[in-house]
Structure formats: structure tokens, C-alpha cells
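Me: I would like to go through this structure by question and answer. Please keep each reply short and end it on the value or name I ask for.

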Amino acid sequence: MLKSFFRYSFFYSFFFFGLFIGLSNTISAQKTDVEIYFKEPARHFSESLPLGNGRLGAMVFGDTQKERIALNEISLWSGGPQDADLDDAYKYLKPIQDLLLEGKNKEAQSLLMKHFVAKGRGSGFGAGAKDKYGCYQTMGDLFIEWNQPAQTISDYKRILNIENATSSFSYKRDGNMITEEVFTDFINDVIWIKIRSAKKGGLDLKLSLYRKENLLKNKASKGQIVMYGQLPSGKDKGMEYATVLKTIANDGSISSSDSSLQISNATEIVLAVAMRTNYNYKAGGLLQEDVIKKATQDLRKIKVNFSVAKNASAKKYQNWFNRCRWTAPMKKTAVDTLSTLERMIHYSKGNNDNQLPVLYFNYGRYLLISSSRPGLLPANLQGLWAVEYQTPWNGDYHLNINIQMNYWLINAANLYDLAEPLFRFTKDLLPNGQKTARKYYDANGWVAHVISNPWFYTSPGEGADWGSTLTGGAWLATHIWEHYLFTKDKNFLRTYYPVIKGASEFLQSILIKEKTHGWLVTAPSNSPENTYIMPNGFKGNTCMGPTMDMQICRNIFTAAIESAKILNIDRSFANNLQQAKDNLAPNQISPTDGGIQEWLHDWPSAEPQHRHVSHLFGLHPYDEITLWDTPDFAAAAKKTLGLRGDGGTGWSKAWKICFWARLGDGDHALTMFNGLLQPIVFGDKRDHFSGGSYPNLFDAHPPFQIDGNFGATAGIAEMLLQSHGKDDVIRFLPALPGSADWATGSIRGLMARGNHLVDIDWRDGKLTQAVVTPKLNGECKILIPHGMKITAANGKPIVYKMDNKTNIATIKTFPGNKIIVK
């Protein structure tokens with residue numbers, strides 16, 4: 001039976017002293033900054049060890065009798081392209097807008113619900129596996145089962161090493177040491193498994209593949225198993241898939257029986273798993289191809305053994321992973337012998353573990369490298385890891401923060417190239433987005449609302465309470481501009497400029513003038529998933545000009561205007577857009593509570609501590625609210641966060657880490673991080689919106705959503721380095737917590753806007769040295785801490801201009817010429 005967190009807490013409180021003394025003598029120390037460690041098999045996928053190469057995923061359970069490796073392929077979706085746009089929705093746009101202008105929000109929302117939502121079942125109300133919308137699904141499972149039960153199991157250890165992207169587990173089975181290694185190959189594009197017995201001929205196993213539904217073939221012969229099937233696309237036939245398991249090496253005997261392989265008297269076996277679907281990455285539909293043949297070809301291409309493949313794959317993976325490394329002083333402590341879950345419980349009690357934040361930061365980067373590969377689909381709500389056939393919320397792409405949060409860490413953590421799937425996916429939304437813009441708004445440009453999928457869905461959702469947010473596509477497009485700000489890559493900007501322009505054209509087309517101030521506002525829209533209360537008592541969602549919409553408008557309009565200037569095109573368009581931008585409804589401070597208003601009017605929220613804090617988009621990820629340029633709004637943002645509270649889902653807590661970091665409050669950012677690390681064990685009776693982390697450090701919404709992992713990793717980067725704001729000023733350690741765990745450390749390979757590589761060292765909470773390595777000719781601005789100087793790598797002074805009021809230095813830059821601050 002699964003233990004709850006509370007039973008774990010009692011156990012460790014009672015035995016904590018004995019655990020520290022006893023375990024230190026029996027278990028070897030782990031690499032506490034790069035290893036996730038378990039002392040028992042997984043009883044739920046949230047205790048499994050996730051592996052991935054951007055296309056293939058595996059979750060290793062480590063069972064000693066019937067090992068389970070859950071399998072994933074990032075494109076495996078039911079459903080297919082659908083027409084979810086209501087053809088005559090545009091006819092109701094002006095009536096809805098007119099009602100909003102008259103303050104008749106109830107009537108406007110009622111009309112929207114009838115005529116301005118998705119056609120048909122839309123996303124299947126978040127459970128679209130059997131609808132046209134579809135859902136992301138597990139590929140199934142590989143089972144490795146012992147033919148005879150063991151009498152005794154001892155010395156169990158299961159580890160995910162995120163430095164070399166390999167899982168391993170070992171145990172003694174009736175005194176015989178058994179080891180298993182698994183990795184997803186970044187070069188050969190298969191999953192490898194090696195199982196070894198210390199005793200000669202000690203392996204006696206049954207191998208099988210399993211999928212509970214939509215299975216057409218599962219056949220074993222000649223040392224391999226082929227599993228093939230086809231998912232539904234509503235009432236039609238949809239995507240085809242194939243999984244092929246092959247024995248690559250086996251020093252025992254092998255036989256086949258229907259759908260399984262029998263291994264006998266072996267000392268070591270090596271297996272490889274290939275998976276394919278017929279998804280068309282270029283067009284978003286399905287290809288007419290033989291998926292079994294394609295998967296089989298993946299296996300036939302293998303020309304190396306397990307060890308060679310493992311080393312080569314690790315080397316390629318480390319080209320990403322080692323770009324950015326945070327290190328904290330290593331000290332021998334009793335924590336070294338604890339499992340990751342035990343460390344989380346120990347940490348949640350207020351005890352020190354200076355390697356746990358480092359492990360979390362490393363893990364976030366590991367997960368993104370493992371779930372986002374150029375040329376493929378972006379990481380979804382669960383990255384690419386799922387055991388479900390109906391994933392929560394379809395495992396799709398939520399556009400009102402979640403997919404965006406997945407990629408917040410990309411720039412600062414020096415993983416630029418892994419954002420390509422997000423940019424290409426955004427560009428692929430344009431054709432459908434243009435149709436949706438015309439059918440609902442009779443507008444130019446393109447729109448995507450709240451949800452999307454590999455079929456490039458852009459229609460609204462099924463309800464006003466969440467489905468009519470109209471800035472999802474524009475938010476995606478801001479990532480393109482942010483990428484340019486970091487890289488200054490004009491060719492990239494030129495390629496994706498139509499995406500930015502189209503998103504701006506759409507928003508400009510639908511703006512209306514509200515009556516009180518004459519400001520331009522969006523309508524109809526909502527503040528994501530939240531509910532306002534009007535003075536007349538009406539509780540609603542549909543509104544005009546929610547604060548987040550207006551902030552996104554300013555963000556994307558700025559991106560389009562500046563892009564046009566940089567590329568020397570569309571001058572007239574940019575000028576017109578500037579006029580619209582100048583007349584947008586501004587940020588407002590609520591006279592009632594002193595926070596940033598969430599809606600155009602000073603209306604209270606029906607849920608004051610709502611998980612979304614959408615009206616602070618301007619604080620993060622956008623930067624129109626800063627401590628130094630807009631102190632009054634920054635103070636109001638702080639007030640808003642106080643009103644919202646420190647609770648929320650996993651991803652909500654991750655966003656709050658970023659907010660508090662932008663406000664320079666490292667201690668409060670750490671409070672949010674610690675809240676995110678609260679251990680949640682499967683079976684806990686927790687509130688659905690009380691976030692934390694599962695034993696394998698997967699983010700607990702709950703249920704599992706990977707955006708919290710990525711958002712918190714981005715938040716840590718924000719705590720250590722910032723370069724946002726009007727002049728992209730580089731600021732070292734802007735939100736370093738006062739905690740002893742964070743007092744001393746170094747980080748290498750962070751990136752600042754302007755394409756500057758940054759290394760930082762600090763001791764006792766103070767900067768000791770920072771090195772900025774420009775990659776381009778130009779200039780950079782650096783906030784110089786008091787008492788520190790700027791020199792070149794050879795120790796000679798650097799010529800720069802200093803603003804004595806702000807202590808900001810402006811320095812000419814040359815590629816590779818290091819700027820040292822110490």
C-alpha cells in the first residue's frame with residue numbers, strides 16, 4: 001500500500017536520528033547535485049526515473065519481479081485536423097462588444113456562450129482522446145519479468161544520473177547482484193536497456209510489450225517483438241504507431257511465444273526499442289508510410305554496442321547540459337545517504353541541503369533537453385512523459401501560460417537551439433489562426449486562443465470561463481522577440497517576423513474604444529480562468545480590456561514596431577501600430593486594494609488567491625514593470641502578490657518565484673521555491689490546486705504538469721542574473737536569498753540579453769567576481785556593485801562610461817573580449 005506524505009513525515013520525524021547514523025554506514029554517497037535516488041521500486045510514475053531524447057521517452061520503474069518501462073513518443077496523439085470554427089461567429093462580435101460597452105456583461109457572456117465558442121465538442125471538454133481534438137497518449141509499456149519469484153531482495157538502489165542522462169538500478173536477488181542500465185539515445189534514436197547478472201547464466205526473463213487499447217498487432221518472433229496499432233480520430237481512423245523491441249546482445253538462449261520473448265541462462269542481455277508514428281512534422285497531418293518498417297529500420301541502422309552508444313549519446317547530451325552549470329560547495333553530510341524523497345522531507349522541515357536547489361536547477365534543464373528537439377513538436381503539458389491513455393487536459397498545449405512557461409528557461413540557461421520547436425509550432429498556427437480570426441472577428445492577422453495541439457487548433461474553447469482568452473497566439477509570438485533580444489540574430493528575426501506582424505495585426509484589428517477614457521481595449525476576452533464580481537453582484541468572465549491583454553498588446557506591438565525598424569520594412573504599418581499602442585488602456589493601480597488592477601474596472605476577484613496572476617504579465621515575463629523605471633507599479637505588483645498569497649498549483653508557485661525575483665526579493669522567491677519542493681506522494685489527499693513536487697521531482701499541479709519544473713528553473717536563473725528593462729542592463733545576483741544554502745556558489749554559462757555569456761562567483765552572500773563574455777560587437781550595460789572595478793582578462797583597465805547616479809557602466813564590446821568585474 002502506498003504511504004501518504006503524512007505517514008512519511010511521522011516515520012522520518014520518529015527515526016530521523018537513527019536514519020542519519022545507520023544509513024551513513026550502509027549506503028554509499030550519491031552525487032547530490034546530479035542524481036535522483038530511490039531505495040525502492042516505483043509504485044507510481046511519479047516515482048519513476050524519466051529519460052528522453054526529445055522524441056522518445058521512457059520512465060523506469062525498477063521493479064525487482066516485473067520491471068516496467070513506460071514508453072512515449074512525442075507525436076503520439078489521437079484525433080486529427082478539425083474545423084472547430086463557427087462560420088457565423090463574426091456576426092455576433094459587435095453585439096457582444098456593444099453589450100460590454102454598455103456594462104451588460106451578463107448578457108454579453110450569455111451571447112458569447114451561444115455563438116462565440118468552439119463548434120461541436122472542441123477539446124472534448126479537456127478529455128478529447130476519442131474526439132477530433134485528440135490527446136497525447138502513452139505508447140504503452142515494456143515489461144521485463146522474472147520467470148521465478150525471488151526469496152530475498154536486498155541492497156536495492158535506483159538512480160537517475162542527469163549528468164550523463166542514464167538510469168541505473170541494482171539489487172541482490174537471492175544473493176545474486178542484478179544491474180540494469182537504460183538510456184534514450186540522442187544519436188541512434190532508440191532506447192537501450194542492458195541487464196546483467198553477477199552470477200553466470202543468472203537471467204531467466206520474459207519480455208513483452210503492452211498497450212491496453214487501439215492495438216492491432218503484438219507479435220514476437222526471431223528475437224524481436226512488434227507492436228502496432230492505430231488511434232481514433234473522432235469517428236475516423238487516425239494516427240498509426242509501431243513499437244519494435246529487439247535483442248541486440250544475448251549470451252543465453254532465446255525463444256518466442258506469441259507476443260513475448262523468453263530469455264534463459266543469460267548473463268547479460270542488451271535490448272533496443274524503436275518507436276515511430278506517421279505524424280507529419282512539416283504539415284501537421286498524417287503521412288502514408290509504413291511505421292513498422294520505419295521503426296525496424298531504426299534498429300537495423302545500429303552499428304555500435306551498448307557502451308559505445310551510451311558514451312556517444314552522453315557526449316551529445318552534455319553539449320547542452322554543460323553549457324550552464326551552477327555549483328555550490330560540496331560538504332560531506334548525512335544528507336548524502338538519503339533518497340531524494342527523504343531529502344525533500346528533510347528540507348521541508350527547515351533543514352539545510354545546499355545541493356537540492358542545484359539538483360532542481362539541473363533537473364529542469366535536463367527535462368527540457370530530454371523533451372524538446374529541433375525539428376519536432378514542442379514539450380507539452382507533461383513534457384513527453386505520460387502513462388495515461390487520456391492525459392489530464394489532453395496533455396496538450398495550453399496557451400494562457402503553460403507552453404510559454406515550458407520555454408522561459410531557454411534563453412538565460414543557454415539552450416537557445418532547443419526553442420526551435422516552439423517557434424516553428426507558433427508559425428504553423430498561422431494558416432488556421434487566420435481562418436479563425438476571420439470567422440470570429442472578421443479581422444486581419446492571426447489568432448490562437450487558449451489551447452492547441454499537433455493539428456494546430458486555434459479556435460476558442462468550449463466555455464467563457466476559460467476558452468475565450470484571445471491573446472494566446474500573441475503571447476507565443478513574444479517569445480520570438482525575446483529570443484532576438486538575447487541573440488540579436490537578424491536572420492532569425494527576418495524568418496519569424498510575419499508571425500509577430502500577424503499577431504499584431506489581429507490585435508490592432510479588434511481593438512475598440514471604451515467609453516470612460518477613450519482607451520483602446522480588446523473585446524471580448526477574459527483574465528485567464530478567473531472570475532470578477534461586478535458592482536451589481538454579477539460574477540463573470542467575459543469582459544473587455546483585461547490587464548493581461550493590454551500588457552501583451554504593448555509587448556507584441558513593441559516587438560513588431562522594433563522588428564520593422566531593425567529589418568527596415570513596413571514603416572507605415574509600424575507607425576500606425578505605434579499610434580494604437582499609445583492609446584491602449586494602461587496599467588492601473590486599484591484604489592481599493594493598492595494592487596495592479598486585473599480588469600479594466602476596479603472589480604474584485606471571486607477568488608482572491610487565484611492560481612493565475614495574469615495581470616502581472618508586465619512584471620514577468622514582460623518587463624514594462626521594473627523596480628528602477630516604474631517603482632510605483634512595482635510596489636503595486638508586490639501588493640498584488642501579497643493579496644494573491646503564496647499558495648497555488650505547482651506552476652503558479654513557479655511563476656511567483658519569477659515575480660519575486662524581478663522584485664529583488666530573493667528571500668520571498670526562496671519561500672516560493674521551498675513551497676514548490678513540498679513533497680507530495682501519490683495517494684496524498686491534497687487539494688487539487690495545492691502544488692508541490694513528487695518524489696522524482698516532477699512538478700505536482702497536482703496532477704503532474706511539467707511547466708512548474710521549467711518555470712522554477714527559469715526563476716532560479718532570474719534570482720542569479722537579470723538583464724531585462726529598457727537598456728538590458730546586466731545585474732548580478734539581483735535576488736540572492738539570505739539562506740546559508742545559497743550563500744556561496746558559482747554559476748557558469750548564463751546568458752544575458754545582447755548575447756553576452758556570464759559567469760558569476762559569490763561568497764557569503766556577496767559577489768566576488770563576474771565575467772561577461774560578449775559574442776558580438778556592440779555595447780553592454782552593467783550595474784557595477786559598489787567597491788568593485790572593471791578590468792580586461794589581462795588585468796588592464798577597460799574604457800567605459802559610468803553613470804554615477806545609477807552606477808551603470810556602458811562598455812563597448814568585442815566578440816570574446818572578456819569583461820571582468822571584481
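Me: Which residue's side chain does the side chain of Asn105 join in a polar contact?
Reply: This is a predicted model, and side-chain atom pairs count only at pLDDT 80 or more. Asn105 is found in helix H3, residues 105–115. Its contacts beyond four places in sequence include Leu99, Met534, Phe538 and Trp603. The polar contact, at 3.0 Å, is with the side chain of Tyr532.

Me: Is Asn105 buried or exposed?
Reply: The cut-off for buried is under 20% relative accessible area. Asn105 has a relative accessibility of 3%, so Asn105 counts as buried.

Me: Over which residues does pLDDT stay under 50?
Reply: The protein chain averages a pLDDT of 95, and 96% of the residues score at least 70. Where pLDDT is low, the predicted coordinates should not be read in detail. That caution is relevant to a stretch for which the model has 46 contacts beyond four places in sequence, and where pLDDT stays under 50: residues 1–28.

Me: In what order do the seven strands of the open sheet run?
Reply: The pairing in this sheet is antiparallel. Strand E2 (49–52) and strand E14 (253–257) each pair on one side only, which makes them the edge strands. The twist from one strand to the next averages 20°. The order is E2-E3-E4-E5-E10-E15-E14.

Me: Which residue in E5 is the bridge partner of Ile69?
Reply: Strand E4 covers residues 66–73 and strand E5 covers residues 140–146. The two run antiparallel and are joined by six bridges. In E5, the partner of Ile69 is Leu142.

Me: How many of the nine residues of strand E8 are buried?
Reply: Strand E8 spans residues 176–184. Seven bridges join strand E7 (residues 166–173) to E8, and seven bridges join E8 to strand E9 (residues 191–197). E8 is largely enclosed by the rest of the structure, because the number of its residues that are buried is seven.

Me: Which residue in E8 stands opposite Phe169, and which in E9 is the bridge partner of Phe183?
Reply: E7 and E8 run antiparallel, as do E8 and E9. Phe169 stands opposite Glu180 in E8. For Phe183, the bridge partner in E9 is Trp192.

Me: Which residue has a positive phi in the hairpin of E8 and E9?
Reply: The hairpin of E7 and E8 has two residues between the strands, and Asp174 in that turn has a positive phi of about 50°. In the hairpin of E8 and E9 there are six residues between the strands. The residue there with a positive phi, near 60°, is Asp189.

Me: What is the angle between the planes in the aromatic pair of Phe116 and Tyr441?
Reply: The count comes to 42 aromatic pairs. In this one, the ring centres are 5.3 Å apart and the pair is edge-to-face, with planes at 85°. Phe116 lies in the loop between H3 and E5 and Tyr441 in helix H11 (residues 430–441), 325 residues apart. Both residues are buried, and the angle between their planes is 85°.

Me: How is the pair of Tyr133 and Tyr457 classed?
Reply: Tyr133 and Tyr457 are 324 residues apart. Both Tyr133 and Tyr457 are buried. Their ring centres are 5.0 Å apart and their planes are at 80°; planes over 60 degrees apart give the class, so the pair is edge-to-face.

Conventions
Residues are numbered from 1 along each chain as its sequence is written. Side-chain values use heavy atoms; hydrogens and water are left out. Two strands pair if DSSP finds at least two bridges between them. Helices (H or I, at least four residues) and strands (E, at least two) are DSSP runs, numbered from the N terminus. Axes are lines fitted to C-alpha atoms, for helices over the stretch in contact, and angles run from 0 to 180 degrees between N-to-C directions. pLDDT is the predictor's confidence in each residue, from 0 to 100. Contact means heavy atoms within 4.5 Å. Buried means under 20% relative accessible area, exposed over 50%, partly exposed in between (1.4 Å probe, protein chains only). A polar contact is a pair of N or O atoms within 3.5 Å; within protein, one must be able to donate a hydrogen and the other to accept it, and residues adjacent in sequence count only if both atoms are side-chain atoms. Rings of Phe, Tyr and Trp (its six-membered ring) pair if their centres lie within 6.5 Å; planes under 30 degrees apart count as stacked, over 60 as edge-to-face and the rest as tilted.
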